[in-house]
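The following exercises are to be solved with the sequence and the model at hand. Each task is followed by a solution in steps.

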Amino acid sequence: MGIILDTFRRASSHWKNSVFLTYFMEISFWLSQTLFLFYILYRVNAGELRFYVFVACLLGFATYQALAASSYKKMLEHMIQIALSIYRFFAKVIHALFVTPVVFVFSLFFSAIAYTIQVLFIILVTIGKIIFAPFKWVIMLIYRLLPEIIKKYLHKIAGFYSTMKNICKKWLKYIKFKRR
């Protein structure tokens, strides 16, 4: 019974954060141990419960606590470390054999899609430049035919536009810096 109690105490640290689970596990543990003990006593003594049987159980538990508890706890920790090492090994093997190839295939697939979209975008931009080149030529020709006064006015508008654009950029930088 002492070995089972030490094993339970070692495992109980995993559910200490949940009060409900702690009470449930404690009650379940002690009920199962009580039922197991009374079942063994019933099978051995044919249902007779004597005082010396309880004294023998307590003496056995005390002997275990005095002589074997520390060595069992060390052995239990060692066994847990071995089990964790085996678990970590198999987790790494499964990750290396199954997860990594799947991630690689998906990343390759998405890279191919991104590359295809990039190539299509470049083709569309080139086609757009080819289609709009005659319009640009016509606009440039019309601009050259404009009188100088209108050209100066357009330059003023362009200068005002770039000034406003720079002011907006400065305000955005100021707002971004202010938030930090």
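**Exercise 1. Accessibility and separation in helix α2**

Does E26 count as buried or exposed, and at what relative accessibility?

Solution. The model is predicted, so local features need pLDDT of at least 70 and side-chain atom pairs count only at pLDDT 80 or more, whereas totals for chains, interfaces and linings use all residues. Residues are numbered from 1 along each chain as its sequence is written, and side-chain values use heavy atoms, with hydrogens and water left out.

Step 1. Recall the classes: buried is under 20% relative accessible area, exposed is over 50%, and partly exposed lies in between (1.4 Å probe, protein chains only).
Step 2. E26 has 18% relative accessibility and therefore counts as buried.
Step 3. Locate E26: the residue is in helix α2, where helices are DSSP runs of H or I with at least four residues, strands are runs of E with at least two, and both are numbered from the N terminus.
Step 4. Relate E26 to Y52, 26 residues apart along the chain: their C-alpha atoms are separated by 27 Å.
Step 5. Turn to F29, which is also found in helix α2. F29 counts as buried because its relative accessibility is 8%. Its C-alpha atom is separated by 9.6 Å from that of I4, the two residues being 25 apart along the chain.

**Exercise 2. A residue of helix α3**

State the accessibility class of V119 and the C-alpha separation of V119 and A69.

Solution.
Step 1. V119 has its place in helix α3.
Step 2. With a relative accessibility of 31%, V119 counts as partly exposed.
Step 3. V119 and A69 are 50 residues apart along the chain, and 71 Å separates their C-alpha atoms.

**Exercise 3. Salt bridges**

Which side chains meet in a salt bridge?

Solution.
Step 1. Side chains of opposite charge can pair when their charged atoms come close.
Step 2. Apply the criterion, a side-chain nitrogen of Lys or Arg within 4 Å of a carboxyl oxygen of Asp or Glu; the count comes to 1 salt bridge.
Step 3. The partners are R10 and E77, with an N to O distance of 2.3 Å.
Step 4. This pair links distant parts of the chain, R10 in helix α1 and E77 in helix α3, 67 residues apart.
Step 5. Both ends are partly exposed: R10 at 25% relative accessibility and E77 at 31%.

**Exercise 4. Aromatic pairs and disulfides**

How many aromatic pairs does the structure hold, and how many disulfides are counted?

Solution.
Step 1. Rings of Phe, Tyr and Trp (its six-membered ring) pair if their centres lie within 6.5 Å; planes under 30 degrees apart count as stacked, over 60 as edge-to-face and the rest as tilted.
Step 2. The structure holds 8 aromatic pairs. One of them joins F89 and F90 edge-to-face, at 5.4 Å centre to centre with 70° between the planes.
Step 3. F90 is partly exposed, with a relative accessible area of 49%.
Step 4. One aromatic cluster is formed by F8, F29 and W30.
Step 5. For disulfides, seek cysteine sulfur atoms within 2.5 Å of each other; the count is 0. C57 is partly exposed, at 32% relative accessible area, and C168 is partly exposed at 45%.

**Exercise 5. The lining of the largest pocket**

Which helix gives the most to the lining of the largest pocket?

Solution.
Step 1. Helices α1 (2-11), α2 (19-45) and α3 (51-145) each supply at least two residues of this lining.
Step 2. Helix α3 gives the most, with 6 residues.
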